[in-house]
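Thank you all for coming; I would like to walk you through one structure this morning, starting with how its parts are named and then going on to its surfaces and side chains. Please have a look at the chain first.

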Amino acid sequence: MGQQIVEPELYLYFSWDAAMPPDHSVRQPAGSVDFISFVRLVVRPLTVTLGHHAVDPLVLFKRALLGYRYHIRSERQLGEEAALNLVWR
């Protein structure tokens, strides 16, 4: 009796753009605010030249903004939501 061997695909195609609905509330600020230049301008005086950052300040700013938007007050809960919610990524 033979057995069918199913090999997994080596590469999966996934589009973040397709995963998020076009009218989702997370898309609106991203299209109207230039986060990169704003955050870089604000953190430039605070940046240390030695070593490297563990987390990009832009990521921290966006996470804090999402926590404010969705009324998440706990840093632990914000981390759990960020890990689970694909739209936030």
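When I speak of a helix here, I mean a DSSP run of H or I with at least four residues, and the numbering of these elements starts from the N terminus. Please also keep in mind that what you see is a predicted model.

With that naming, the protein has five helices and zero strands, and read along the sequence it follows the pattern α-α-α-α-α. Of its 89 residues, 15% are buried.

Let me turn to the largest pocket, which holds about 550 Å³ of space and is lined by 21 residues, with Val26, Lys62, Leu66, Val87 and Trp88 lying nearest its centre. The elements that give two or more residues to this lining are α1, residues 16–19, α2, residues 27–32, and α4, residues 57–69. Which of the elements gives the most to the lining? That is α4, with six residues. As for its chemistry, the lining of the largest pocket divides into 14 nonpolar residues, one polar residue and six charged ones.

One of the residues nearest the pocket centre, Lys62, lies in helix α4 and is partly exposed, with a relative accessible area of 37%. The C-alpha atom of Lys62 is separated by 10.0 Å from that of Arg89, although the two residues are 27 apart along the chain.

Staying with α4 but moving along the chain, we come to Arg69, whose charged end sits over the ring of Tyr70, 4.9 Å from the centre of that ring. His71 lies in the loop between α4 and α5, the latter covering residues 75–84. Phi of His71 is near 55 degrees, a positive value in a residue other than glycine, and I point this out because most residues other than glycine have a negative phi. Is His71 buried or exposed? His71 is exposed, with a relative accessible area of 70%, where the cut-off for that word is over 50%.

Finally, consider helix α3, residues 35–43, whose buried residues are Phe35, Val39 and Val43. They cover an arc of only 40 degrees around the axis, and therefore they are on the same side of α3. The general background is that an α-helix has 3.6 residues a turn, so residues three or four places apart point the same way.

I am happy to take questions now.

Notes: Residues are numbered from 1 along each chain as its sequence is written. This is a predicted model: local features need pLDDT of at least 70, side-chain atom pairs count only at pLDDT 80 or more; totals for chains, interfaces and linings use all residues. Side-chain values use heavy atoms; hydrogens and water are left out. On a 1 Å grid over the protein atoms alone, a cavity is a set of points where a 1.4 Å probe fits but cannot get out, and a pocket is an open set with protein on both sides within 12 Å along at least five of seven lines; lining residues have an atom within 4 Å of a point. Grid points are joined across faces, edges and corners, and a volume is the space filled by probe spheres set on the points. Ala, Val, Leu, Ile, Met, Phe, Trp, Tyr, Cys and Pro count as nonpolar, Asp, Glu, Lys and Arg as charged, and the others, Gly among them, as polar. A charge sits over a ring if NZ of Lys or CZ of Arg is within 6 Å of the ring centre and within 35 degrees of the ring normal. Buried means under 20% relative accessible area, exposed over 50%, partly exposed in between (1.4 Å probe, protein chains only). The arc is that of the directions from the helix axis to the C-beta atoms.
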